[in-house]
Amino acid sequence: MLDSLWFTLLGPVRVWDGERELDLGAPQQRAVLAVLLAHAGQPVRIAEIVDSLWWQDPPDSAVNTVHRSIGYLRRALEPQLAPREPGSWLTRAGGGYRLRADAETSDLLRFRRLVEQAHGQDGDPVARFAEALRLWRGTAAEGVSADVRERPVFTAIDREYVMAAREAADATLPGRPDATLLSLVELAADRAVLDEPLQARVVRLLAESGRQTDALERFDKVRAKLRDELGLNPGGELVGARDAVLRPPAATAGLSRPLPRPAQLPIGLPVFVGRAAEIATVQARMQNGPFVVITAIGGMAGIGKTSLALHLAHQVATQFPDGQLYADLRGFGPGDVAVHPSDILRSFLEALGVAPATIPQDLDAQAALFRSKVAGRRFLLLLDNARDTEQVRPLLPGTATSMVIVTSRDRLAGLVVSQGAWPVVLAAMPDNESRRLLSVRLDDERMRAESAAVDEILAACAGLPLGVTIVAAHAATHPDVRLGEISAGLRDATRRLDTLSAGDPQADIRAVFSWSYRQLASAPARMFRLLGLHPAPDISADAAASLAGATPGAAREFLADLVAAGLVTEQPGDRYAMHDLLRSYAAEVAEQIDSEQLRRQAVARLLDHYAQTAYAADRLVSPYRKPPPIEAPLEGVTPTDLTARGGAVDWCRNEQRVLRAAIALAEAHGFDARVWQLGWALADVRRARTGWLDEIDIQSAVVRSVQRLGDLAAEAFARRVRAYPLILLSRFDEAVEDLDTALGIHRRLGDLIGEGRVHMSLGMAYDQRQRHQEALSHAERAAELFRGDPGERLSLANALSAAGWEHAQLGDYERARDLCRQVLPVFEELGDRNNQSSTWDSLGFALQKLGQNEDALDCFSRSLEIAREVGERYGEATALTHRADAYAALNDLPSARRSWQQALAILEDLDHHDAEAVRRKLASPEP
């Protein structure tokens, strides 16, 4: 096994063992490694790897290709590993894989550490930046196919390079530039020719180094490139850098005359709570000397953007001795008209001593005059509540000496891309900070006296500072009102927004939300209202398209508009989330504007989306099951396109909370057929989930629905499926009651195959209670019933496999071995991966008892590999436990402990009673 490796991503993707480069094989392996390296030692889900390699058009073999590539990489990195031995560099994690990496093994992580050190107070930032920039040998993942290289995960890393080069230039600007650093910044600028802020810095550095000719040649080169490739002229910052080269020293003297020192910042909050990480991030960006930091503080309405911006501005104001300028751009507010940049510029210029009569009328001329007035000086600008980038751009200084803080519900992507803005996107406040915010207005005794109500209030406000502030103000001004009464109002979704209305439009939650809503065009506004009908906080793009009856492309456009308005947040995996209070507001507006029929149709399309996709997932996970009929999808429904088994498991995992909520929604609206169909389709795909309490709730809803439908066969199925998690949670009496009822229904209907399936479940129940002779009897009875139907080969094999396990538990290991070997080819032929996994485990158990520990270990490893592939977490824990026992029998106690620890982690996550037995093994000095 290799002791140390060096992974490179900042240029060609390579791996070194000392002076020797490792062979990474085909380009596909190199691309997979690049994706893992780009995630910097974090787990990467299989679906993310597939998306990175193939984007929206993966082949059917995509998941298998990834697994094969991972296998090759594991052998390349650790050639001495046994075929199924867990590696130390490349491991399973988080539903995918993780490459172990840190700043000692990865050039990307070392680069980031050096940049972070350059931001710190100690040491020489120029030396740190130089060391960081030397690590780059080209663009990130150079040599990987262009299609993969264009993914955001790699382009974002390239952007880090450009930002570091800019900061390096800023660190060396005040004096004569360091020659080594200048050459490194020049190289970065050569690789990012169209990045004007970086090019402007290089022009200035060259001029300060006495290379005026080189500076002007670089300007001409970049100007030609901008014209030829983008059809643009250089912007103000680059032109200003060129002009500084051309201007004689005497010409600058007149620009240094004193200016008034405006101090326009509004009064900050007397007590500010939380946001320590965001504050630290902004402060870190300022530590390398004078440069523009455009902090685009984004986020939804009420998230605390203005409060944070004001707090930040007051903290750093003393660092800007030439003054502070402030403007409320009113991009989102009680009126529909945002302030024109010309009006803001006029007020800024007057504050800087320009006579009103001399201010130009033209916006561009005003902006140029403003840049001239602040050039070379240190001003702090706070631009609050911006509508969009175009409103902000004319207000920006032209030289790198001032700081600009912008708040907006828009993400201001144009500032991030073209001006190097540093975005600070605010998320919901953590519970501890929300609690502190509430305690600012309320005394501790009152909060302690009604601690449960406080918990409910914080949960209802869900980390929205405006909501917490409104509640605190209401409670403080009404000391006679119990907090329990306020929490009751928040608990009721129909009263929640009333409770958060304070009378003042600036502090009324409805009013604040409405300012963003009114800015929307009709189609995004309709999407927003319909999202209020969705039963969970987040939704996939396909589900949103179905909800609105729109095409996926149109739905994404509407969602992008909602993201830009701060009403929805974009999540990984093509998902979108909405704050609970916004959902309440959206549902309220939908009830006011949209007819009941329209809302019901939207819910029907949404449920149809989930039912159709769940059926498709089941076909991939359990192709041998016979599905009940389902009608064609409604018009406007977009089922998620699932093309591989892994994708089906991932979909179910991602939608876990949503599917449970969708079934509850279907039951509440009387869509009983959809409840039953979803419950059926998810019965096998449930193995992708982390526990079984959800399954009990889901199948209980199914039982109620099919009873209303009068469908006995469906009721028997639902009761049998509900028994499965009841058994695994040791609720045996409830499970057996369900199974006896199901058995009676099947006998009444003359359904022998159904009887056989119930006997299989009863066998499982008795097995869990260690009553193995009874379990064996049920398995053998099931086998008898299945033998009569040639179409039930798989069911028969399953029954014989169960019988084999029970024979092993009863000490007949030869019979167990023979039965398992008999049925394994059937499972392999029919593609039943779940039963392959369990049967390999049973065979391993029998072989271990027969003293064949090496063969048993191989069986357990096969079982474990399949269980992980299909997402069967209990099966994975069982295989890990048995593999650990085999390791212990071979006196490999370190390997045994690792497997027991992995098994225990899963069993504790599942809250399974088997965890206690594993804990005892780990507690024993010699397991």
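Here, "buried" means under 20% relative accessible area, with exposed being over 50% and partly exposed in between (1.4 Å probe, protein chains only). By that yardstick Asp 158 is buried, at a relative accessible area of 15%. This is a predicted model, so local features need pLDDT of at least 70, side-chain atom pairs count only at pLDDT 80 or more, and totals for chains, interfaces and linings use all residues. Residues are numbered from 1 along each chain as its sequence is written, and side-chain values use heavy atoms, with hydrogens and water left out.

**Asp 158 and its surroundings**

- Asp 158 sits in helix H7, residues 152–172; helices (H or I, at least four residues) and strands (E, at least two) are DSSP runs, numbered from the N terminus.
- Its side chain gets to the backbone nitrogen of Ala 140 at 2.8 Å.
- Not counting neighbours within four places in sequence, Asp 158 is in contact (heavy atoms within 4.5 Å) with Trp 136, Thr 139, Ala 140 and Arg 149.

**Salt bridges: the overall count**

- Side chains of opposite charge can pair when their charged atoms come close.
- A salt bridge here is a side-chain nitrogen of Lys or Arg within 4 Å of a carboxyl oxygen of Asp or Glu.
- Searching the whole structure turns up 40 salt bridges.

**Arg 575 with Glu 655**

- Arg 575 and Glu 655 make one of these salt bridges, with their closest N and O atoms 2.8 Å apart.
- This pair links distant parts of the chain, 80 residues apart: Arg 575 is in strand E14 (575–577), while Glu 655 is in the loop between helix H30 (645–654) and helix H31 (656–668).
- Arg 575 is buried, with 9% relative accessible area, and Glu 655 also counts as buried, at 1% relative accessibility.

**Asp 738 with Arg 722**

- The side chains of Asp 738 and Arg 722 form a salt bridge at 2.7 Å, N to O.
- Asp 738 belongs to helix H35 (732–749) and Arg 722 to helix H34 (712–728), so the pair ties together parts 16 residues apart in sequence.
- Asp 738 is buried, with a relative accessible area of 3%, and Arg 722 is buried too, at 14%.

**Glu 755 with Arg 747, and a network**

- Glu 755 pairs with Arg 747 in a salt bridge whose closest N and O atoms are 3.5 Å apart.
- Glu 755 counts as buried, at 8% relative accessibility.
- Elsewhere, Glu 667, Asp 672, Arg 704 and Arg 708 are joined into one network by salt bridges that share partners.

Definitions and conventions:
A polar contact is a pair of N or O atoms within 3.5 Å; within protein, one must be able to donate a hydrogen and the other to accept it, and residues adjacent in sequence count only if both atoms are side-chain atoms.
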